[in-house]
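This report describes a protein model from its overall make-up down to single residues. Please view the sequence and the structure together while reading.

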Amino acid sequence: MDIRKCILLSLLMAALVVPALAGVQYLYGKPEMSAAISGTNEFSPGVETPVTVIVSNSGTNPIMEVNPNKIASQDPPNLAKQVKIGLEAGDAPIEIKSDPQMVGDIPGGMSKPVTFVVKFDKNAKAGTYDLPLELTYQYVFTNDQEDVKNGVGILMTSYRDKTEKISLPVTVTSDVNLQVNGVETEHLNVGTEGYLTLVLENTGDEHATNAVAKLVPDANGPLVPTDGSVYIGEFNPGDVTTCLFKVSTSKDAEPQTYPLNVVVEYEKANGEKATSDTEVVGVPVGGKIDFAIVSTTSTVHPGQKATIDVTYKNTGLATAYNAQARISAVDPFTSNDDTAFLGDLAPGESAVAHYKVTIDKEATLKNYGLDSEVRYRDALDNSQISDTMKLTVGVAKAEGMGAVLSNPIVIAAGIAVLIGAGYYIVRARKSK
């Protein structure tokens, strides 16, 4: 059996199984494509957002023929087949971040959504722009067929490719476009509070009123605004303003540059409240104020009262004001004078503290570690406390004259001698 006979036999069997295909022919019709942005078509400069486009086919088939000797076409002429949709920027100040997408067939009277991610330029000027939407699809061009004879017919359908572009209008709104022109810090060190100065410019098109600059901390950063709002007032296009903030830094931070966010909240000319885009600024943080004990180990003796001289040095990178040192006296030491005033200490400067202590006469002869710390004021007069330092004090047996003078028997005998001498002197004066 040759191939022609196989084809005719297959067509005959199909006609017997699906006789309902015969009889309906569309004589005219084509796809009518349109598109529109779903939701708002107004966007702020600098925003990155998904934009959903609804693509619709409003094409109809106005003329239809019913003929039992005709075979119904598989696809109506108003069907858009294998539709591919791509969004372009055109002359608009945006970047299209999504590739063209296949959405399949769109019958007449139906719609399909397609979403593109777009990013508007930070410096986009207010206005309306047209985005070209390109549609590529196929549609029925001709249907050629033989009349159905004895239940068998042949239909040959040809398709034509079509590409068309639809303009989608989008509006860039008039907003404050925030730009940071300068960043300066003063007295901002690890573990302290300092000043942050930002120079802000409105490079947008909105004439803002009641504008307020605000700092927003980074979720994982060590910077915390303690005075993070500055009233600007009018903030018109091209205006430049200088804002002074107070910022504190965690004690666990390191001396480096950390991110901090700044925004401007304002009212538009129409009274609508709005917030500018967020700007991230790098804030340099200096090293913390730190102290070290640089004096040698002091040596005291059991049963004595002694003065311990301790030298403290500011090893940090900022000045400590009104510094005051203290020790924590523990057994076998007692003290009623465990604090000492050091004054202002600039980086690298030292001061000596004098502590009066009493050592228990039963004290074990060894070196003891006493905790010491320095309380001070930072440049913004905030009270701060240094890390705890270890002060080493050695308890040793007194030798030579010191041992004799520290012996309680010798001390008692000396007191008795002094009392006797005093009594003798008094008697001698009375006898005269």
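The text below covers the fold, the nonpolar cores, the aromatic rings, one strand pair and some backbone details.

The model is predicted, so local features need pLDDT of at least 70 and side-chain atom pairs count only at pLDDT 80 or more, while totals for chains, interfaces and linings use all residues. Residues are numbered from 1 along each chain as its sequence is written, and side-chain values use heavy atoms, with hydrogens and water left out.

**Overall make-up**

The protein has three helices and 30 strands. Helices (H or I, at least four residues) and strands (E, at least two) are DSSP runs numbered from the N terminus. Of the 432 residues, 36% are buried; buried means under 20% relative accessible area, exposed over 50%, and partly exposed in between, with a 1.4 Å probe and protein chains only. About 24,000 Å² is exposed by the protein, and carbon and sulfur atoms supply 52% of this area. The areas come from the Shrake-Rupley method with a 1.4 Å probe; for residues, only the protein chains shown count as cover. Among contacts (heavy atoms within 4.5 Å) between residues at least 6 apart in sequence, 70% join residues at least 24 apart.

**Nonpolar cores**

A nonpolar core is a set of buried Ala, Val, Leu, Ile, Met, Phe, Trp, Tyr and Cys residues joined through side-chain atoms within 4.5 Å. The largest one holds 31 residues, of which Val53, Val55, Ile85, Leu133, Leu135 and Leu168 touch the most other members. Elements giving two or more residues to this core include β2 (33–37), β4 (48–57), β9 (110–120) and β11 (155–172). The largest share, six residues, comes from β10. Leaving aside residues up to four places away in sequence, the residues that Ile85 touches include Val55, Val103, Phe116, Leu133 and Leu135. A second, separate core has 30 residues, among them Ile289, Ala323, Ala340 and Val395.

**Aromatic rings**

Rings of Phe, Tyr and Trp (its six-membered ring) pair if their centres lie within 6.5 Å; planes under 30 degrees apart count as stacked, over 60 as edge-to-face and the rest as tilted. There are three aromatic pairs by this rule. The rings of Phe43 and Phe120 are stacked because their centres are 4.9 Å apart and their planes stand at 20 degrees. Phe43 lies in strand β3 (residues 42–43) and Phe120 in strand β9, so this pair ties together parts that are 77 residues apart in sequence. Both Phe43 and Phe120 are buried.

Elsewhere, the charged end of Arg160 sits over the ring of Phe141, 3.6 Å from its centre. That term requires NZ of Lys or CZ of Arg within 6 Å of the ring centre and within 35 degrees of the ring normal.

**Strand β2**

Met33, Ala35 and Ile37 in β2 point to one face and are buried, while Ser34 and Ala36 point to the other and are not. β2 pairs with β4 in the antiparallel sense over five bridges, where pairing needs at least two DSSP bridges between two strands. Ser34 stands opposite Ser56 in β4.

**Backbone details**

The peptide bond from Asp331 to Pro332 is cis, with omega near 15 degrees. Pro332 lies in the loop between β24 (320–328) and β25 (333–337). Two residues with positive phi that are not glycine are listed here.

| Residue | Phi | Place | Relative accessibility |
|---|---|---|---|
| His187 | about 60 degrees | loop between β12 (178–186) and β13 (193–202) | 35%, partly exposed |
| Asn210 | near 50 degrees | strand β14 (residues 208–216) | 38%, partly exposed |
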